[in-house]
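Welcome, and please have your viewer ready. We will go from one selection to the next and say what is there at each stop.

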Amino acid sequence: MGPGLAVMTNSDGGEFFIQELLRAVAKEYSWPDFRPIERTVAKIDPAILGAYAGTYESPNAGKITVSVRNGALYVEAPPLGPEAEELYPESSTDFFILSNDLTDSFPKRRER
């Protein structure tokens, strides 16, 4: 057995706190399996974001709402907690959030 980490929380948002704490400890102690994933934010045309806004249904996450605010996409979903989280673009169709390793892709838009 090697080093480990035990964290207990009684908060509804405890999972995200645990993940953040685990990443910080893993970085400090150089645990290779828990290194943060580094992503690059792409520059995309804000005009395409409106096409992705709407309500989606996921078998794992339930009802997901995607909206555009101040030129950025935001997602609201029960597993993420009560606050909307910004979706950062990796490309014009692939997005991620910062609070965990969640990524999502939207279908490619047809050119007119």
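## A walk through the strands

Start by selecting residues 62-69, strand β2, together with β3: the two strands pair in the antiparallel sense, with five bridges between them. Keep in mind as you look around that this is a predicted model.

Now pick out one rung of that pairing. Which residue of β3 is the bridge partner of Val66? Select Val75, and you have it.

Next, move to the turn. β2 and β3 form a hairpin with two residues between the strands. Click on Asn70 there and check its backbone torsions: Asn70 takes a positive phi, near 50°.

Stay with β3 and select residues 72-76. Is this strand largely enclosed or left open by the rest of the structure? Four of its five residues are buried, so β3 is largely enclosed. Buried here stands for a relative accessible area under 20%.

Then add residues 85-89, which make up strand β4. β3 and β4 run antiparallel and are joined by three bridges. To see a facing pair, show Leu73 and Leu87: Leu73 stands opposite Leu87, which belongs to β4.

Go back to β2 and look for its other partner in this tour, strand β1, at residues 54-58. These two strands are also antiparallel, and five bridges join β1 to β2. What joins the two strands along the chain? A hairpin does, passing through three residues. For a pair to display, choose Tyr56 and its bridge partner in β2, Ile64.

## Zooming out

Now select the whole protein chain and colour it by secondary structure. You should find one helix and six strands, and reading along the sequence gives the pattern α-β-β-β-β-β-β.

With the C-alpha trace displayed, turn the chain along its principal axes, where it spans about 60 × 30 × 25 Å. The radius of gyration is 17 Å, whereas a compact globule of 112 residues would have one near 13 Å.

How much of the chain is buried? Of the 112 residues, 26% count as such. If you switch on the surface, the accessible area comes to about 8,500 Å², and carbon and sulfur atoms hold 50% of it. A contact map is worth a look too: among contacts with a separation of 6 or more, 30% are between residues 24 or more positions apart.

For the last stop, colour by charge. The chain carries 11 positive and 17 negative side chains, and the centres of these two sets are 8 Å apart.

Note on methods. Residues numbered from 1 in each chain as written. Predicted model: local features only at pLDDT ≥ 70, side-chain atom pairs only at ≥ 80, totals over all residues. Heavy atoms only, no water. Buried < 20%, exposed > 50% of the residue type's maximum accessible area, 1.4 Å probe, protein only. Pairing = 2+ DSSP bridges. Rg over C-alpha atoms; globule rule 2.2 N^0.38 Å. Contact = heavy atoms within 4.5 Å. Areas by Shrake-Rupley, 256 points an atom, 1.4 Å probe, with all protein chains shown as cover. Lys, Arg positive; Asp, Glu negative; His and termini not counted. Charge placed at Lys NZ, Arg CZ, Asp CG, Glu CD.
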